[in-house]
Amino acid sequence: MAAAGPSVFLLMVNGQVESAQFPEYDDLYCKYCFVYGQDWAPTALPLASVSRVDGGAGAEEGPWTVTRTEERRQHGDKGLEEGISQITSKSQDVRRALVWNFPIDVTFKSTNPYGWPQIVLSVYGPDVFGNDVVRGYGAVHVPFSPGRHKRTVPMFVPESTSKLQKFTSWFMGRRPEYTDPKVVAQGEGREVTRVRSQGFVTLLFNVVTKDMRKLGYDTGPPDTQGASGPSPPQGLPP
Amino acid sequence: MNPKEEKVKIITEEFIENDEDAGVGRQKKTPKVARQKRKKRLPTTGPEEMVSENPHFNQQEPVQEDSDTRPLSMTSRRGPRSLPPIPSASRTGFAEFSMRERMREKLQAARSKAESTLLQEIPTPRPRRLQSPSEKELETEFGTEADEEVQRTQKEDDSQSYSRVKFCDSVRKIKPKPPVPPGFPSAEEAYNFFTFNFDPEPEESEEKPKAKNRDGTNQEEEEGEEEEPPVQEHKMDEEELLSAKDDEDFLLGLDHAAEDFVVVRPADYESVHVRLQMEKELLFVPSRLTVPTYKKLPENVQPRFLEDEGLYAGARPEVPRACQNIMENRLLTQEPGRKWFGDDGKILALPNPTKGFPSRPPVLTQEQDIKAELETLYKKAVKYVHRSQHMIGSGDPSGNFQLDIDISGLIFTHHPCFSREHVLAAKLAQLYDQHLARQQRNKAKFLTDKLQALRNAVQTELNPAKPHKSLDTTQKAINEYKSEIRQTRKLRDAEQEKDRTLLKTIIKVWKEMKSLREFQRFTNTPLKLVLRKEKVDQKTDEEAYEAEIQAEISELLEELMEEYERKMEGYRAAYQQWKAWKKAQRAKKKKKKQEHPDEEMEEPYPGEEPVKPVPPEPTDRALVEQQVRERAARSRRRPGEPTLVPELSLAGSVTPNEQCPRAEVLRREDVKRRSIYLKVIFNDKEVSRTDSRPLGADFRVHFGQIFNLQIFNWPESLMLQVYETIGHSGTTLLAEVFLPIPETTIVTGRAPIEEVEFSSNQHVTLDHEGVGSGVPFSFEADGSNQLILMTSGKVSNGVAWAIGENGIPLIPPLSQQNIGFRSALKRADAISSIGTSGLTDLKKLAKWAAESKLDPNDPNNAPLMQLISVATSGESYVPDFFRLEQLQQEFNFVSDEELNRSKRFRLLCLRSQEVPEFRNYKQIPAYDREIMEKVFQDYEKRLRDRNVIETKDHIDTHRAIVAKYLQQVRESVINRFLIAKHHFLLSDLIVEEEVPNISILGLSLFKLAEQKRPLRPRRKGRKKVTAQNLSDGDIKVLVNIIRAYDIPVRKPTASKFQQPSRSSRTFSEKRAASPTAHSPTHSADYPLGQVLVRPFVEVSFQRTICHTTTAEGPNPSWNEELELPFRAPNGDYSTTSLQSVRDDVFINIFDEVLNDVLEDDHERGRGIHTHIERHWLGSVKIPFSTIYFQAKIDGTFKIDIPPVLLGYSKERNLMIERSFDSVRSLSEGSYITLFITIEPQLVPGESVREKFDSQEDEKLLQATEKFQTECALKFPHRQCLTTVTDISGKTVFVTRYLKPLNPPRELLDACPSSPQATAELVARYVSLIPFLPDTVSFAGICDMWSTSDQFLDLLAGDEEEHAVLLCNYFLSLGKKAWLMMGSAIPEGPTAYVLTREQSHYLIWNPCTGHFYGQFDTFCPLKSVGCLIGPDNIWFNIQRYDSPLRINFDVTKPKLWKSFFSRSLPYPGLSSVQPEELIYQRTDKAAAAELQDRIEKILKEKIMDWRPRHLTRWNRYCTSALRHFLPVLERSQGEDIEDDHRAELLKQLGDYRFSGFPLHMPYSELKPLTEAVYSTGVHNIDVPNVEFALAVYIHPYPKNVLSVWIYVASLIRNR
């Protein structure tokens, strides 16, 4: 497939994890990653076309191909698919906002809007004993239409299964966590969990698409209302 | 006289007012007479005494005699209900009687009496007619209203006769006391009593039935008291009576009688015949025979079957035929029996009320059915719409609307408490209202005026003064006018007549009322009618009257004249016709007479002769005038008579209570006690109720309340319930009044007060002046002209929509109303009445209804019929299709075929179905044209091949079938697994610390004190990685090769010709594990310091090859780590995919041989030219799945070394390692120590949490669970197995698999002398069955155990199947054998077989066929979890689990915990294994053919693997090898090496030869080629190399094939 170069459309997302509101906690940092369907791939420009190694190569050159791929992965030529922010403290004004302004910049290519990328956020911070514990998980789809978008994501954490567990987890500093933060972007298996809401994270996206219309997907003109121009960092969800 | 009778007399006096004196007098006399008679008779025992014996007579006779005397009341007569209780007094009175005397007397009496009665009067069993309460119901139900009237009268005198009967009863109860011994009246007495006493009764007035009734009830009450204390009274009253001296002789009589009664008699006995006879007389036994139909029907009536006529007749309830016959016979003997029968001659019956089908869901009995039915279906949550349909739409601004209900009052037009006067008053008021209404309309006046106008019009038309109109039109107009005049006149006359009659009725009612008031001497109602006379001028009135009459007469005359004219016309025409006919007739007659005189008679046709018309009579004026005048007199006011105007006023005064009679006072009090309230019911829910208001004396209740209903639902019904409270007793629902829901235009303020009538069907009978309700009463003295009035009344109310604050009426939108209406329709699913529902095709339904001839009269079908009529009339459009998703069509942007043709769509579908080929397909192209056809090729091929057996890969068909079968089982299991994979547990999603127990807490506390940097760091577990976010190259297999032992060493070429002695190594010696040293002869051959072998290890995995450096010596130490990449199939790193990886890690050991290339000696000094050769020594094969599940493999493995390694020997250097020799010599072969793991560590897939169903006993399953949890608690790492899954997925208890099974006959015959040899042979046979791990085929699910016959049929299985088969063979050989579950290297958890020899235990590896002693250090089994025998399971609870350190004595409960013990004895489980195994002899020819094919294929493969070199085959060598292979098979690859070598050397003396035989079970071709490839024979690239390859297949029974492949390379020596 790499040779023929199938028709794809591109979705470029940049923006930032602006700020958060966690009334109870302070000194938080944030991780983000993307979850996307099988037809999606984070992409970089021309280099991406050589990323795949033909599996049918001779047996003797096996190890070499592996190491080469490995290297490329470490260099991260696919954009920032995931990131971890600095620790921020609450602002001293009345808003008590936690401002990260942590940049997002990633480009996807895809053949199918199914499995549209979602950004998964997880926020961590120290508890009373100084252990790093999770303060919230949340996910939101990358906006469909090109333009500037602001999203406020409600955050939640899984609950302990019992009161005793709650106490011990608090005491031991090991709160219940998702095995993989990516489950918050999926529906499957969520029915076995109970969560509690924690706070909000505000995200800003600038979305650019290419060839969507060519492939027959019309995401429509962006809703320009209120999107252009510098918005206050602490705006409410649109 | 009996004191009781006295009392009765008093009572009778009370209610029989006038004319009973005589009767009472007679009554007084009667007992006396009777007693006197008795006195005389008693000693002689009169025949009537006997009656006392037989109570039936007692009952029967009085009635009969009674009826004789009083035939009038006979029909309504009620028989005595029960036997009067025996008065206790009689006993005390007769205490002194001698029992015997009495008995004797009785017996005599009985005899004589029986005779006499039989002779005198044979009582015909005449059924008494019982008035059953159901009779009334019958009336209503069958509509036989004809005899209603009769019944009513019956009822009436019933109430009279009832009291009478009551009286009789009581009298009879009282009477018998003194005279008759056991307390019953004698026949005579009864006779007298009834005849004398009640003669006058029929004359009793019917005027006071009520009073009598009351007395009757009173008497009943008194009676109850009387019955109880007769004794005391008796004593008390005796004095009175004595003093009265009236009844002296009675007393005397009593005394005498007392003595007389004491008679000694034998016990009563009646012969059976007598009794039967008597019973026959008394009892009526209806016949069981079928009654002929004609008897049941009136004479000359044919039975009529309604059903045959097509009318609906409901199904009759099922009654046995015999019962019906009995009933019919019984009814027929009764008097009006025929009315019980219907037209068809059957007993009338309502339709069977029982339902045809049970409303309770059927109880499921069969388990299999439950499964299907209990299957849970996912249904999307549906909003409950039943109520919300009527809800006002949410889009409306405000959901609450208001309905104002104004209830102003209530007027009863009839009430049970109405007195007669009230009834009249109500009637009067009603009439007056009518009158007023008529007056208001004044129709008569209007019509009169109209008439006048018309007449004038006629006059003007006729007026010649206006000639301008054409005569024609005038005439026409006049005619029209005239006809109209006629019409109007008739109407006017009718109206006037009505007015007049109404007036008359009013006056009549008023008069009645007045007379009633006068009669009852009080007034109840303030109603007063005043007739106002309006004087008229006599003269003008008379003139007008006369004029009117004249006008009418003239008009009538005119009319009549016209009529006459018309008639005359008709007459003339008819007359002409007649005359003509007459003439013709005459002419004819004449003719006829001349020609045929005899035919004369036939000529006149009687029918054709026209009658001579009669001319109409002219009208007589006088007659007309008379008629007119008559009519006028009837309908019109007479001239000069004053006009009467009635005026009803409430001005009259009501008589105060004091002046009223008692009954009236009671009535008024009753009225006062009553109060009324109303409930407002909105949509069947009570929303509010009015205050309770007392009922006024005028039967009006004023409420004046307004209820504001804030409503949310569309009003469906609005109802008022009228409740009446009487005193404090309780409330009764009088009636329900349905109010219409107002139009949306009616709002508060504009709503008129309306009167809604109601009526109730309650029946009330009151004991005062109130007339009651639903009961007949009459105003007439004679009771005629009866009226039945039901409680009725009017509620005046007003319902309107409220107006909101801003003036907007609070009315829900109109559209909602329609929905409500429709839903109401929908709720009554018409089709459900025929048992099905949800039918949608109405046309078909109508057709069906027409075809099946549904009876439209059947009430069951009514809704259906209506539905059909609606549907067929086209009122509602019903589409002839049903659409599940209504909006789907709008989204169908392309037709289905086109969509299915789309490759992209197909790809997407397949991917979402998780079809293996596409499960991880990435980036499905956006366009169809970019999808290549080959994408589907594999998948389609697989689909195609599913049923086609591919014989290319599998050389023999049997194995191909098996492979196919396995493939299918695998697929189904994997599908099940895929489904199960989508079920998540909390632990799958959330990482949570477990609640720490004390030990962990303590440990963690201890950790706090621990040193931060301990000197001896402990190994920490690696972090496990879930497989989902991995990609190619992330996973590596690490193989750490540490060392090897006992590598075969090269044989020096010098010893080429030496014949090794075989004597030192005997068969028995090896097996007996004797530590005798091997022959030391060879040691001399090795010069000291010479390199014996230079081995290195090559690891190949997924065609990736890594190798170690070369070490030296037979016990090399490498200690090297090799890293091999791992690539998952299709790039899918999910757990499932990894589990199904079937690749093996091959660890091959080679000897590196340096050959001097330079042959010339003179060149030797200048340089060294060596050629490196490598010789394969052996291999270890470890499946990846084992590594994956074990996470790490650490241990020493036996190297699989071919039995013959040319050029190598396994002689040990005894000089060096003598000290170890004793230990090592126990085992054969070479060993290698390895450590294998995967980096990063992968989380092994868990077995599916699926509980398989089982046919085991539930108790047993519980016990297994308990056993396992107990074991796991003690030793969590030891394997404990109680239940396994069989091939069909059912849980089976494991011991069922163990059962002695016969091994193949020929194996037993091979060496009958040595049981040990047989055992080995059997083990070898088992090991020749190919190995196929379950975990690979059923990835991550569980072990599936197939039974031994299945195993042999499939010819594939894993350790368990091998072990089970081997164990079963051993059991049949008579060994003590167990299945041993434990873990071994490299297999991990596995199954071995343990056998007990005479003194020691042997551990058998079923997959290799090798066996080990218990204390063998190189035994691959490292731990023992449990032992399984045919009848028990023993879990190892010893401290150690290594077989070296444990005791295998399962009888010791301290060491082995047994499953079945004394508390749970072995229940004797049947085996799942077959009775015996049947072995087919394998076809030798097929084996030979297979052998040739394999050889050919392998040769081709080797040539393929050497693409750059020429491959030469040495035929001579090949044939030599081929001869050698059967020898190897016979000796099982042992101890022939030296012979063989010698032979080879003899034949191929000038070749350097390296080669080895490979031996393996045959499953398919691929493992063979892999094995050959892994040896690397083909890698020799010496130019002049030659190859030899020979294949030998030895067939064993049941198609088990042992394959030998001999590969060799030959290099010609110069």
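These exercises deal with the contact between chain A and chain B in a predicted model.

**Exercise 1.** Find how many residues take part in the contact between chain B and chain A, and what area is buried there.

*Solution.* Start with the residues: 35 of chain B are in contact with 42 of chain A. Next take the area, which is about 3,400 Å² between the two chains. Carbon and sulfur atoms give 53% of this area. Then look at single residues of chain B: B:Q923, B:L989 and B:E993 lose the most area to chain A, together 21% of what that side buries.

**Exercise 2.** Identify the salt bridge across the interface of chain B and chain A, and count the residue pairs in polar contact.

*Solution.* The rule finds one salt bridge across this interface. The side chains of B:R911 and A:D39 form a salt bridge, with 2.6 Å from N to O. Because a salt bridge needs the nitrogen within 4 Å of the carboxyl oxygen, this pair qualifies. For polar contacts, the count is nine residue pairs.

**Exercise 3.** Determine which element of chain B gives the most residues to the side that touches chain A, and describe the strand pairing between the chains.

*Solution.* List the elements that give two or more residues: helix 27 (903-912), helix 30 (986-989) and strand 14 (990-991) of chain B. Of these, helix 30 gives the most, with four residues. Now turn to strand 14 of chain B, which pairs with strand 9 (residues 177-178) of chain A in the antiparallel sense over two bridges. In this pairing, A:Y178 stands opposite B:I990.

Key:
Residues numbered from 1 in each chain as written. Chains lettered and ligands numbered in written order. Predicted model: local features only at pLDDT ≥ 70, side-chain atom pairs only at ≥ 80, totals over all residues. Heavy atoms only, no water. Contact = heavy atoms within 4.5 Å. Buried area = accessible area lost by both parts, 1.4 Å probe. Polar contact = N/O pair within 3.5 Å; in protein donor to acceptor, adjacent residues only side chain to side chain. Pairing = 2+ DSSP bridges.
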